[in-house]
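Reader: Hello! I have just opened this structure and would love a close look at one part of it. Could you take me through how the strands pair, and then show me what lies around them?

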Amino acid sequence: MMKRLLSGLLMFSLLLLIAAGCNIFSFTAPDDSNSAKVEDAWEALWDGNYAEAEALFTEVINDDPTIARARWGRAKARMKMSGYSGIELISKLSTLDTNPAVGDPQPLPFMDLNTSDADALFQSMKGALEDIDAIYSGVATRPDLNAEDVQIDYTAVFAIQGILELRDTNQNGSIDSNDINVFALFQAGGDFEFGDEAAWDTMTEAEQYEVLSSVYNLLQTSSETVLSLLEDDSIPIDTSQLDGVLDGILGQDENGVPTGDGLSEYAPPGFPWPPEGGN
Ligand SMILES: [Ca+2]
């Protein structure tokens, strides 16, 4: 009896060892050097060495794109290199006045940036978006990062990318001297307009539609996430204000019903609106 108990215990201990061993091996052994590199990269990030951090994270991600902690780190490094954090970017949008009082139109953020600064931010956001989206959609999960963890950054990068698309008027992926600045404005009360309509009118209808569709899809994605942020009290920004701004540009009320305003006012006739597809 005693012997059976002992051998049972022994077996149990052995199983535990094997189980623990499996865990250890499956989690660390294949990417031991990656784990160490990820920690070095985060340390570089906290020290403010963003380029070094980005390079280290990139080495890890090229080796294994499912390591979420590296992707989040690289997104943060890229956002930091642009001079902004997710919260700062959202705050910038949230300061726009959505009160229905009559007032002067306000430039949308980044319309006043010079071309090269706007493009630097644009490229940072595209890079950050790719990594944040990989975590948000579950492509990259290890170790233990999920959509909820990156919700603020996800909301921010899609919103900012959407606004910046208004400066890539030829939609070739960069903001340069070949693009025209249409000086997008946000009217107090929550509408959207182009400050330079003459410049907008120099574009073909197909070009206009391409810009509007891409802005719409990015902002729509952001807007859908804001709704879940509204319920989170721990977020230090007024997300209902941001929600109002996004709805104003998208041309929809708080229930998502089209108002006929916003981007839709500029959609050329003969093209489907709202545009189909997402990202
Ligand atoms: Ca361009």
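**The strands and their surroundings**

Author: Happy to! A good place to begin is one pair of residues: Q187 has D191 of strand 3 as its bridge partner. Please keep in mind that the model is predicted.

That pair belongs to a longer match. Strand 2, residues 184-187, is joined to strand 3 by four bridges, and the two strands run antiparallel. Together with strand 1 they form an open sheet of three strands in the order 1-2-3, with antiparallel pairing. Strand 1 (106-107) and strand 3 (191-194) are at the edges, and each has a single partner strand, so one side of each has no neighbour in the sheet. As background, what holds strands of a sheet together is pairing through backbone hydrogen bonds, in either a parallel or an antiparallel way.

Where do the strands sit in the order of the whole protein chain? The pattern along the sequence is α-α-α-α-α-β-α-α-β-β-α-α-α. In total the protein chain has 10 helices and three strands.

Now let us step off the strands into the loops beside them. F110 is in the loop between strand 1 and helix 6. The phi of F110 is near 75°, which is a positive value in a residue other than glycine. Is F110 buried or exposed? F110 has 21 other C-beta atoms within 10 Å, and a residue with 20 or more counts as buried, so F110 is buried.

A second loop, between helix 7 (151-164) and strand 2, holds Q171. Q171 is not a glycine either, yet its phi is positive, at about 50°. The surroundings of Q171 come to 13 C-beta neighbours inside 10 Å, so Q171 counts as partly exposed.

Helix 6 spans residues 115-136, and G127 is one of its residues. G127 has 20 other C-beta atoms within 10 Å, so it is buried. G127 and V157 are 30 residues apart along the chain, and their C-alpha atoms are separated by 9.5 Å. For the protein chain as a whole, 36% of the 279 residues are buried. If you take the contacts between residues at least 6 apart in sequence, 66% of them join residues at least 24 apart.

From here we can turn to the helices that precede strand 1 in the pattern. Start with helix 3 (residues 50-63) and helix 4 (residues 68-81): their axes come within 9 Å and cross at roughly 150°. An angle over 145 degrees counts as roughly antiparallel, which is why helix 3 is described that way relative to helix 4. Their crossing is left-handed. Helix 3 brings Y50, A51, A53, E54, F57, T58, V60 and I61 to the contact, and helix 4 brings A70, R71, G73, R74, A77, R78, K80 and M81. Sorted by class, that contact of helix 3 with helix 4 has nine nonpolar, two polar and five charged residues.

Helix 4 also packs with helix 2 (residues 32-46), where the axes come within 10 Å and cross at roughly 20°. This angle makes helix 2 roughly parallel to helix 4. Here, too, the crossing is left-handed. On the helix 2 side the contact is made by V38, A41, W42 and L45, and on the helix 4 side by R69, A70, G73, K76 and A77. The contact of helix 2 with helix 4 has six nonpolar residues, one polar and two charged.

Which helix does helix 5 pack with? Helix 5 (residues 86-94) meets helix 10 (residues 239-250) at an angle of about 65°, with the axes 8 Å apart. Helix 5 passes helix 10 in a left-handed crossing. I90, L93 and S94 of helix 5 make the contact with Q241, L242 and V245 of helix 10. Four nonpolar residues, two polar and no charged ones make up the contact of helix 5 with helix 10.

One last stop lies in the segment after helix 10, where you will find P274. The peptide bond from W273 to P274 is cis, and its omega is near 0°.

Key. Residues are numbered from 1 along each chain as its sequence is written. This is a predicted model: local features need pLDDT of at least 70, side-chain atom pairs count only at pLDDT 80 or more; totals for chains, interfaces and linings use all residues. Axes are lines fitted to C-alpha atoms, for helices over the stretch in contact, and angles run from 0 to 180 degrees between N-to-C directions. Angles under 35 degrees count as roughly parallel, over 145 as roughly antiparallel, 65 to 115 as roughly perpendicular and the rest as oblique. A crossing is left-handed if the near helix is turned anticlockwise from the far one by less than a right angle, and right-handed if clockwise. Two residues are in contact if their C-beta atoms, placed from the backbone, lie within 7 Å. Ala, Val, Leu, Ile, Met, Phe, Trp, Tyr, Cys and Pro count as nonpolar, Asp, Glu, Lys and Arg as charged, and the others, Gly among them, as polar. Two strands pair if DSSP finds at least two bridges between them. A residue is buried if 20 or more other C-beta atoms lie within 10 Å of its own, exposed if 12 or fewer, and partly exposed in between; C-beta atoms are placed from the backbone.
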